[in-house]
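Here are some worked exercises to try with the model open beside you. Have a go at each task before reading its solution.

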Amino acid sequence: MDEKTLNSILFPKLSDAQIAKIEKFAQLKSYRDGEVIIEIGDCDICFFVIKSGKMAIVDRSDGAEKTITFVEEKQFTGDVAHLTGGRAVMSLISQGDCQVYEVAAADLRQILRENSSLSDLILQTFIVRRQYYMEESKDFSGLRVIGSRFSRDTFRIRDFLAKNRRKFTWLDLEEHQQVDALLRQLHISEADTPVVVYGNELVLKNPTTAELVERLGIKNPIQATLYDLAIVGAGPAGLAAAVYGASEGLNTIILEHIAPGGQAGTSSKIENYLGFPTGISGTDLANSAVLQANKFGAQLALNCQVVKLTFEDGIAVLHLGSGEHVTAKCVLIATGVEYKKLNIEGCDRFDGVGIYYAATTTEAQMCRGSQVAVVGGANSAGQAAVFLAEHVEKVWLLIRGEDLSKSMSRYLICRIEQMDNIELLCNTEISQIGGDDCLRSIEVSNHKTGERRSLDVTAVFTFIGAVPRTNWLPQAIKTDDKGFIKTGLAVADSAEWSAGRQPFLLETSRPGIFAAGDVRLGSVKRVASAVGEGSIAVQFIHQYLAEISI
Ligand SMILES: Cc1cc2nc3c(=O)[nH]c(=O)nc-3n(C[C@H](O)[C@H](O)[C@H](O)COP(=O)(O)OP(=O)(O)OC[C@H]3O[C@@H](n4cnc5c(N)ncnc54)[C@H](O)[C@@H]3O)c2cc1C
């Protein structure tokens, strides 16, 4: 694609009629040549449409200042961060005198809600821009993470940045020659790593997740308000509920511990979700859903782990790990499940440095050219095996059962059969894990023949039985003995049920508290069903809100 066509896609011109719609919400501002309108790191950035003159978009991510492009008359600035939150990653500087329409983020949301075709154009442009600068552009380098592949903290930081879709380059201490020079330039030693660097500046030394969230500006403040609906968990179920809740006028907040997307967000390619015949990556699905929920005004709060649920005068109080509280008339629990850890002595020390619970590019980069094992016989394990086979020398797929047909979709089994570098070992379990500073081998045993063998793998990806994330719930929310939440008719006869009516389909044993997705007893563990349940729950939440008088 030539530069002119690319520019017209990344920076389309608005028509006079479209500008007139924006003008109603905008302040007209003038800037002098060289004035900085947005500085890298700024929060709460406004959206600008150029009335006259032009502005330069300037990047300093690889150390030197360079102009990426110019935004000219009738073009607009911005990216998904306007709606989802986050600090500016590039500066905006006036080139000559210029006049702009300046729109605050809340007003931009209203413009998007009220004008369908304008909304399509702006959102589409934001998405393409993000995709282009994240994946294709060589101009913008983003952050640099310097750390060893044998460091659990390096993995944690890379995993966090990837899950939250922040562009970064990883410089492996063990591999990259320029690392020593860069460390000297930053006046830090190897012992200080992992570090996060922007351009020639040290941003953070071995940051905690909370520090990363703060520095990247991706935590939206919690408001002291009574929400109509508080959703716990931003997996497919929670995000679907946020889209429906907010679009139908409910004051909605969604609280997420790690990153939007949940388990689906760790899937390299979801091929059975309706409407995506060529598949869609979990991160793309999650990012689009976040944007959609934000467009309708749902508030997404990341790095918010809900640790307790209590009730005060009939109102639900969600207690966060940070000590903050969120109050709501209704709560939707959509906390999903997490994979069980391997029950092998000493395996904990390899978490993040050889044992992984997801197979994304972040993990695949660690295993290039080596052999890996995938444990599990369900679709998640199958997808991981197929994805990893494209990046590593060989994948050993270990299952306890006789064959894959009981637990894996046919399309994945076919794909596995066609890949020369995936070898399936049935009736097999890991009996030992060996290594020193990193994982170097495993011993597997066949429980039918008793045969034992050693495999020279550098990583084990485990997708065995999942446990619901419900240990933070009070007794009033009834679960089965494994912790899956009971809903609907399953709680109608429970002593905790206090309303003078039957519980709604997705309502828990406490009226007004709902559950959807994988965390719910009897749910189908699929993206489509989680999305379906999240959407249906909103219908019942409306009915519940109509019957209470808070
Ligand atoms: C690797 C992989 C591949 C998969 N592939 C497919 C596929 O191709 N097709 C398909 O249909 N399904 C697939 N699945 C299954 C599908 O992803 C799940 O069924 C779906 O994600 C369940 O959605 P959910 O919203 O119920 O829960 P989850 O996706 O588990 O999301 C729950 C969210 O809640 C958050 N959370 C948990 N506890 C708290 C707390 N206390 N406070 C705040 N937040 C919290 C978590 O961080 C998480 O983001 C796959 C799963 C995996 C792991």
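**Exercise 1. How many residues of each class does the shell around the ligand have?**

Step 1. By class, the shell around the ligand has 19 nonpolar, 16 polar and 6 charged residues. Here Ala, Val, Leu, Ile, Met, Phe, Trp, Tyr, Cys and Pro count as nonpolar, Asp, Glu, Lys and Arg as charged, and the others, Gly among them, as polar.

Step 2. Keep in mind that this is a predicted model, where local features need pLDDT of at least 70 and side-chain atom pairs count only at pLDDT 80 or more, while totals for chains, interfaces and linings use all residues. Residues are numbered from 1 along each chain as its sequence is written.

Step 3. In total, 41 residues surround the ligand, and the closest are G233, G235, G262, G336 and G517. A residue is near a molecule or strand if its C-beta atom, placed from the backbone, lies within 6 Å of it.

Step 4. Two or more residues of this shell come from each of helix 9 (236-247), helix 12 and helix 15 (527-547). Helices (H or I, at least four residues) and strands (E, at least two) are DSSP runs, numbered from the N terminus. Helix 12 provides the largest share, 4 residues.

Step 5. At the level of domains, domain 3 (226-338 + 468-547) and domain 4 (347-462) each contribute at least three residues to the shell. The domain bounds come from an automatic or database domain assignment.

**Exercise 2. Describe how helix 9 packs against helix 15, then against helix 10.**

Step 1. Two packed helices are described by the angle between their axes and the distance between the axes. Axes are lines fitted to C-alpha atoms, for helices over the stretch in contact, and angles run from 0 to 180 degrees between N-to-C directions.

Step 2. The axes of helix 9 and helix 15 come within 7 Å and cross at roughly 40°. Helix 9 is therefore oblique to helix 15; angles under 35 degrees count as roughly parallel, over 145 as roughly antiparallel, 65 to 115 as roughly perpendicular and the rest as oblique.

Step 3. This crossing of helix 9 and helix 15 is right-handed. A crossing is left-handed if the near helix is turned anticlockwise from the far one by less than a right angle, and right-handed if clockwise.

Step 4. On the helix 9 side, the contact is made by P236, A237, G238, A240, A241, Y244 and G245, and the helix 15 residues include V527, A530 and V531. Two residues are in contact if their C-beta atoms, placed from the backbone, lie within 7 Å. By class, the contact of helix 9 with helix 15 has 11 nonpolar, 4 polar and 1 charged residues.

Step 5. Now turn to helix 10 (residues 282-295): its axis and that of helix 9 come within 9 Å and cross at roughly 25°. Helix 9 is therefore roughly parallel to helix 10. The crossing of these two helices is left-handed.

Step 6. L239, A242, V243 and A246 of helix 9 meet A286, A289, V290, Q292 and A293 of helix 10. The contact of helix 9 with helix 10 has 8 nonpolar, 1 polar and no charged residues.

**Exercise 3. Which residues of helix 12 and helix 13 meet?**

Step 1. Begin with the axes: those of helix 12 (residues 379-389) and helix 13 (residues 410-418) come within 10 Å and cross at roughly 30°. Helix 12 and helix 13 are therefore roughly parallel to each other.

Step 2. Helix 12 passes helix 13 in a left-handed crossing.

Step 3. N379, G382, Q383, A385 and V386 in helix 12 meet L412, R415 and I416 in helix 13. By class, this contact has 4 nonpolar, 3 polar and 1 charged residues.

**Exercise 4. Find the backbone features at P194 and N303.**

Step 1. Most residues other than glycine have a negative phi, and most peptide bonds are trans.

Step 2. The peptide bond from T193 to P194 is cis, with omega near 5°. P194 sits in the loop between helix 7 (179-185) and strand 8 (195-198).

Step 3. N303 is not a glycine, yet has a positive phi of about 55°. The loop that holds N303 runs between strand 12 (299-301) and strand 13 (306-312).
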